[in-house]
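Reader: I keep running into labels like "salt bridge" and "buried". Could you show me how they get decided?

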Amino acid sequence: MRRKARARKQLQQALDSATSYDEWFDAAEKLDDLEGKLAWRERDDTRMLHTALVREHADDLRRQREAGDPTALIRTLQESLYRHLGELSNPDLYSVARTGTKHLVSRFLDEVEQSMLYICDHPLPGATDEQKLNLFREAERVFGHTALMLSGGAAFGIYHFGVTRALWSQNLLPHVIAGSSMGAILAASICSRNQTELAEFFTQPERVHRDALRWLPPARMWRQGHAMDAQQLLTHIRTNVGRYSFREAYEHSGRTLNISVSPTRTRQKPRLLNELASPDVMIDSAVLASCAIPGIYPPVTLSARDPAGESCESPYMPTETWIDGSLQGDLPAMRMARLHNVNKTIVSQANPHVLPFISHHHDRGLTASVRQAAGTFVHAQVASMLELTRNLGSKSGLRPYIEQAHAMATQSYLGDINIQFPFRPLLYRKVLSNPSDADLDMYIRLGEQATWPQMAMIRDQTLVSRTFRTCIDRLKASAGAKRERALG
């Protein structure tokens, strides 16, 4: 017993000190084996799944693929995905073992992937290549996409670098990314880079410009009404992101950037800026607006690329000014779903005012349940108090501030899969300061370590949408090659 306890302690230490996902997974697998959780993964029995039907559909997909019957494959794929995706999305399936869920789930998903690729790569009776491409596009539209959402968080938001690097290293970084405040800086930095530039970005973090925050002298604070130098922040943004409109960034990177901004007028609604809704808006102005915390930075008027020329810019909605996206739309899930058909959200949450309420979100047991209940109660009471204050003070000059506080208290800060900054009160003294070299390494490592335990669930629950993208890319490339041969 003591030997087992000592081995568990050593493996836990190896888990906590891992510097790569491979190191982490090796320690996690050994710890799962020691605790009998690998055996749990091997057994099919569980009340969380209709195991007999999952097994039957996996076998049917394999037989139909081996028989070379794409028509039957399509029918079985449609039925099995419709019937099983809900239960396969249950996060409790991933709460037992560190290294993943039941092997039956992995086998089923592998059969789904192989079947989709088979249909993509083999002739479909009665359908041209162009018709097959349209079939995949329509199926993808019905199924939906995965989106990564990066919260605000001031200096804590550097943690998103570690989260996104961990996902990128495993080819799991979604192509639809949203960001607010500091999350907007990271999202814009990623979505303005092509694959080669992104590899340089993630493998050389020491080259990232991080001198974003500069306090103004007290006299200027009093005169200008805000505490920090907006020009310094804009320099930081432009150095890391460049000078792109949303459309230009999408064309350069192939990724869809979304930035949340909040209105300063109560009659305006929060906006989600992207290449669909605001293609000509300049990303640097959108990011600056999304970082404009009242009292810290001034409100921002957005700018847009002028049709007169690439080097020309003009004000966008010149009578409106915008502030920190976290205030009313930290995680704009509903707007993302409508604009991009998002069916799965991965949230990297680092907002300092949110962390105390969600720090036990992943925990299980009586103590964690009590803490979650207490946090929910406090959150509900604050929201109710602000709702009452908002109604009573409808004509007060404080109404805009009450509205913003109410929006912060009532919005959702979690998604389908959540990767959250660890609640460490001693770090709060660093939240409004530029990171040192050691701080940069610390934030990145915290982000990676928080992502690794979620990797199996992310890989499984995004597999279908990733395979759709692979198939569509293959079919588009094949169609393009055939057109070139026909012309040549």
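Author: Sure, let's take some labels one by one; keep in mind that this is a predicted model.

Reader: Why is Lys30 with Asp26 called a salt bridge?

Author: The cut-off is 4 Å between a side-chain nitrogen of Lys or Arg and a carboxyl oxygen of Asp or Glu. The closest N and O atoms of Lys30 and Asp26 are 3.3 Å apart, so the pair passes the 4 Å rule. The two sit four residues apart in helix α2, so about one helical turn separates them.

Reader: What makes Lys30 buried, exposed or partly exposed?

Author: Buried needs under 20% relative accessible area and exposed needs over 50%. Lys30 has 46%, so it falls in between and counts as partly exposed.

Reader: And how do you know which label Arg305 and Glu248 get?

Author: Same recipe! Arg305 is at 13%, so it's buried. Glu248 is at 22%, so it's partly exposed. Arg305 and Glu248 also form a salt bridge, with their closest N and O atoms 2.9 Å apart. Arg305 lies in strand β5 and Glu248 in helix α13, so the pair ties together parts 57 residues apart in sequence.

Reader: Why isn't Cys471 with Cys120 called a disulfide?

Author: A disulfide needs two cysteine sulfur atoms within 2.5 Å. The sulfur of Cys471 has its closest cysteine sulfur in Cys120, at 4.0 Å, so that's too far for a bond. A search of the whole structure finds zero disulfides.

Reader: What makes Cys471 buried?

Author: Its relative accessible area is 0%, which is under the 20% cut-off, so buried it is.

Note on methods. Residues are numbered from 1 along each chain as its sequence is written. This is a predicted model: local features need pLDDT of at least 70, side-chain atom pairs count only at pLDDT 80 or more; totals for chains, interfaces and linings use all residues. Side-chain values use heavy atoms; hydrogens and water are left out. Buried means under 20% relative accessible area, exposed over 50%, partly exposed in between (1.4 Å probe, protein chains only).
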